[in-house]
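Q: Take a close look at one part of this model for me. Start with a single residue, then work outward to the surroundings.

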Amino acid sequence: MNVVVCVKQIPDPAAPPKLDPQTHTLDRSGKLIMDDSDAYGVEMALQLADSAGGGEVTLVSMAPHGETSGLRTALAMGAARAILISDDALAGSDALGTAKVLAAAIARAEPDLVLAATESTDGYTGTTPVQVAELLGFPSVTFAKKVTVDGSSVRVERQTEAGYDEVTSPLPAVVTVTAGVVEPRYPSFKGIMAAKSKPVDNLTVADLGLEPGQVGAAGARQEIVEVAAAEERGAGEIVEDEGDGADRIVAFLESIKVI
Amino acid sequence: MPIAKVWVLAESTDSGPLPASLELLTEARAVASTVEAVTWGADAASMAAAVGEYGATTLYDVGDLGGALPGSPVAAAIAALVEAGNGPDALFVPATYDGRDIAGRLSVRLDRPVLTNIVGMAEGDGLSTEHAIFGGTQILTARFSGPGPGIYVVRAKSFAAEPSGGPAAAVVAAPVPELGATGAARIVERHVEERTGPKLDEADVVVSGGRGLGSAENYALIEELAKLLHGAAGASRAIVDAGWVPYSHQVGQTGKTVKPNVYVACGISGATQHMVGMKNSKNIVAVNKDRDAPIFSVADLGIVGDVLKVLPALIEALKSRS
């Protein structure tokens with residue numbers, strides 16, 4: 001079974017995020033790492049390919065400047081190869097433009113199953129995987145908290161407001177996984193060494209047969225008007241607990257008539 | 001260009017229309033002269049009364065989906081209506097599991113982009129949208145620059161729901177066209193996780209726990225405190241990911257948006273992901289060991305201390321009062 005995992009390479013979330021002062025888009029000029037949310041999809045893919053008795057796990061990523069450090073992390077976990085789409089024309093892409101690029105690249109890998117996170121940690125639009133599914137003509141199941149593959153269909157426990165639904169879908173399909181769907185492995189030293197020589201196909205917009213006007217800032221049909229500081233809450237009272245923390249909370253709850 | 005017509009995706013729940021859909025109908029009335037709604041499921045008649053009460057004049061009914069996941073069929077039905085020439089200038093979609101699926105599918109079918117995570121809107125030379133970024137410390141304003149209809153995915157509780165007292169909306173059938181493979185995902189069985197007490201996103205008091213609790217067993221303290229305050233128990237993404245509590249407890253970007261009278265954050269540092277879901281609570285109490293935790297920047301009362309000491313003392317104090 002061939003599984004494609006969408007992997008986003010993002011600025012380190014631990015560092016303070018910055019916006020480009022001109023475009024108001026997220027500054028991605030620094031080092032990028034694999035979005036933690038994608039580790040679950042990578043692990044799920046490895047386990048599903050393994051239990052299906054073979055097949056390859058291929059990573060697909062769109063990133064600026066030929067960035068591969070996040071892909072190397074996923075390759076070190078055990079993925080076989082990666083497709084990287086990197087092209088200056090892609091800067092400023094909106095979610096639909098990104099989906100067009102990813103879908104064109106994914107189609108090349110002829111997957112049985114496409115996995116992605118429910119949303120990225122940096123942009124969190126949460127629509128790209130479903131847009132990819134529609135572009136590929138695949139069914140999709142979002143918010144999976146459990147995924148099993150049985151021959152030519154996938155069975156998913158899908159998160160709902162009330163609990164969860166058991167959902168089945170024929171393959172090929174797109175499934176988005178929540179964090180916690182599986183416990184991602186840590187790359188072993190051997191895995192890290194092996195990842196250095198695993199193949200990464202570098203593609204451009206032209207390679208994918210897409211028109212430049214469909215993607216990047218040229219294809220984006222939404223614009224950022226401004227970014228301003230949010231209204232701040234008035235400063236509260238912050239105190240060290242000296243055994244009186246509980247009493248202070250009781251007094252506060254009384255003052256706002258909750259108790 | 002002024003907004004003439006807005007459609008609102010009217011999602012139903014076991015207990016009637018989704019509150020977020022009613023919020024969007026209210027906002028649609030404020031920005032557009034004509035408000036219409038789109039729904040699916042078995043009960044269009046009661047939905048027509050509910051959306052009419054909030055100002056929709058027409059309800060497009062996609063009908064019963066026969067167990068199919070809504071994303072593909074509902075998007076296809078809406079696209080067919082738009083292609084027939086009666087489309088709106090804007091479609092407002094609540095940011096739910098199904099709402100996001102429908103918005104994504106529709107975006108491709110219409111070849112229109114989507115704006116997601118909207119927390120506010122302003123009208124004037126078209127609609128502009130507000131998005132909370134960087135943990136809600138910054139508000140980004142965006143707008144569509146191409147032809148409509150724009151697809152707007154809006155977070156719950158961004159607007160207050162107020163009825164207009166209108167009559168039931170006229171129901172118009174919106175049939176699902178042939179879908180091919182995209183519509184093949186089917187719900188085989190539904191599982192409802194029992195919860196006691198008020199719902200997380202409706203409770204007046206929310207008590208949430210995070211990593212600072214140290215272990216899954218200590219989440220019982222959160223549940224006990226929530227019960228004593230007649231509130232609901234919530235959680236940070238960190239402990240949901242760790243498997244301590246079900247996803248349905250999660251407050252934040254990927255989880256529920258809550259706006260209670262008082263929010264008590266216990267052992268939660270206040271990651272961006274969490275703050276977006278709770279920082280508009282009326283009163284915020286935080287207990288955390290780390291004085292530099294971001295949660296203290298939004299707290300009305302912050303206790304720098306060990307939750308495992310403060311919570312048991314607080315529970316005892318509340319018990320001795322009742």
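Is Glu254(A) buried or exposed, and how many other C-beta atoms lie within 10 Å?

A: Glu254(A) is exposed, because 11 other C-beta atoms lie within 10 Å. Exposed means 12 or fewer other C-beta atoms within 10 Å of the residue's own, buried means 20 or more, and partly exposed is in between, with C-beta atoms placed from the backbone. This is a predicted model, in which local features need pLDDT of at least 70, side-chain atom pairs count only at pLDDT 80 or more, and totals for chains, interfaces and linings use all residues. Residues are numbered from 1 along each chain as its sequence is written, while chains are lettered from A and ligands numbered from 1 in the order in which they are written.

Glu254(A) sits in helix 7 of chain A, residues 245-255. Helices (H or I, at least four residues) and strands (E, at least two) are DSSP runs, numbered from the N terminus. From Glu254(A) to Ala103(A), the C-alpha separation is 56 Å, with their positions 151 residues apart along the chain. The C-alpha trace of chain A spans about 65 × 45 × 40 Å along its principal axes. Chain A has seven helices and 13 strands. Of its 259 residues, 48% count as buried. Among contacts in chain A with a separation of 6 or more, 72% link residues 24 or more positions apart. A contact here means C-beta atoms, placed from the backbone, within 7 Å.

Tyr124(A) is a buried residue, because it has 20 C-beta neighbours inside 10 Å. Its place is the loop between strand 6 (113-117) and helix 4 (128-136) of chain A. Leaving aside neighbours within four places in sequence, Tyr124(A) contacts Glu119(A), Asn117(B) and Gln253(B). Its C-alpha atom is 9.9 Å from that of Ala95(A), 29 residues apart along the chain.

Now follow one of those contacts into chain B. Asn117(B) belongs to strand 7 of chain B. Asn117(B) is buried, because 22 other C-beta atoms lie within 10 Å. Asn117(B) also has a positive phi of about 55°, although it is not a glycine. His65(A) likewise has a positive phi of about 55° and is not a glycine. His65(A) counts as exposed, because it has 10 C-beta neighbours inside 10 Å. It lies in the loop between strand 4 (57-62) and helix 2 (69-77) of chain A.

The interface comes next. In total, 68 residues of chain A are in contact with 76 residues of chain B. On the chain B side, helix 4 (residues 97-110) gives the most, with nine residues. That side divides into 37 nonpolar, 25 polar and 14 charged residues. Nonpolar covers Ala, Val, Leu, Ile, Met, Phe, Trp, Tyr, Cys and Pro; charged covers Asp, Glu, Lys and Arg; the others, Gly among them, are polar.

The two chains also share a sheet. Strand 12 (residues 222-229) of chain A pairs with strand 9 (residues 138-144) of chain B, antiparallel, over seven bridges. Two strands pair if DSSP finds at least two bridges between them. Val227(A) stands opposite Leu140(B). On chain B, strand 8 (residues 127-133) pairs with strand 9 in the antiparallel sense over five bridges. There, Ile133(B) faces Gln138(B). The full open sheet has 10 strands with mixed pairing, in the order 12(A)-9(B)-8(B)-7(B)-10(B)-6(B)-1(B)-4(B)-5(B)-11(B). Strand 12 of chain A and strand 11 (170-173) of chain B stand at the edges, each with a single partner strand, so one side of each has no neighbour in the sheet. From one strand to the next, the twist averages 35°. Axes are lines fitted to C-alpha atoms, for helices over the stretch in contact, and angles run from 0 to 180 degrees between N-to-C directions.

Each chain has a cis peptide bond to note. Leu171(A) and Pro172(A) are joined by one, with omega about 0°. Pro172(A) is in the loop between strand 9 (163-170) and strand 10 (173-177) of chain A. Gly148(B) and Pro149(B) are joined by another, again with omega about 0°. Pro149(B) is in the loop between strand 9 and strand 10 of chain B.

Key
Two residues are in contact if their C-beta atoms, placed from the backbone, lie within 7 Å.
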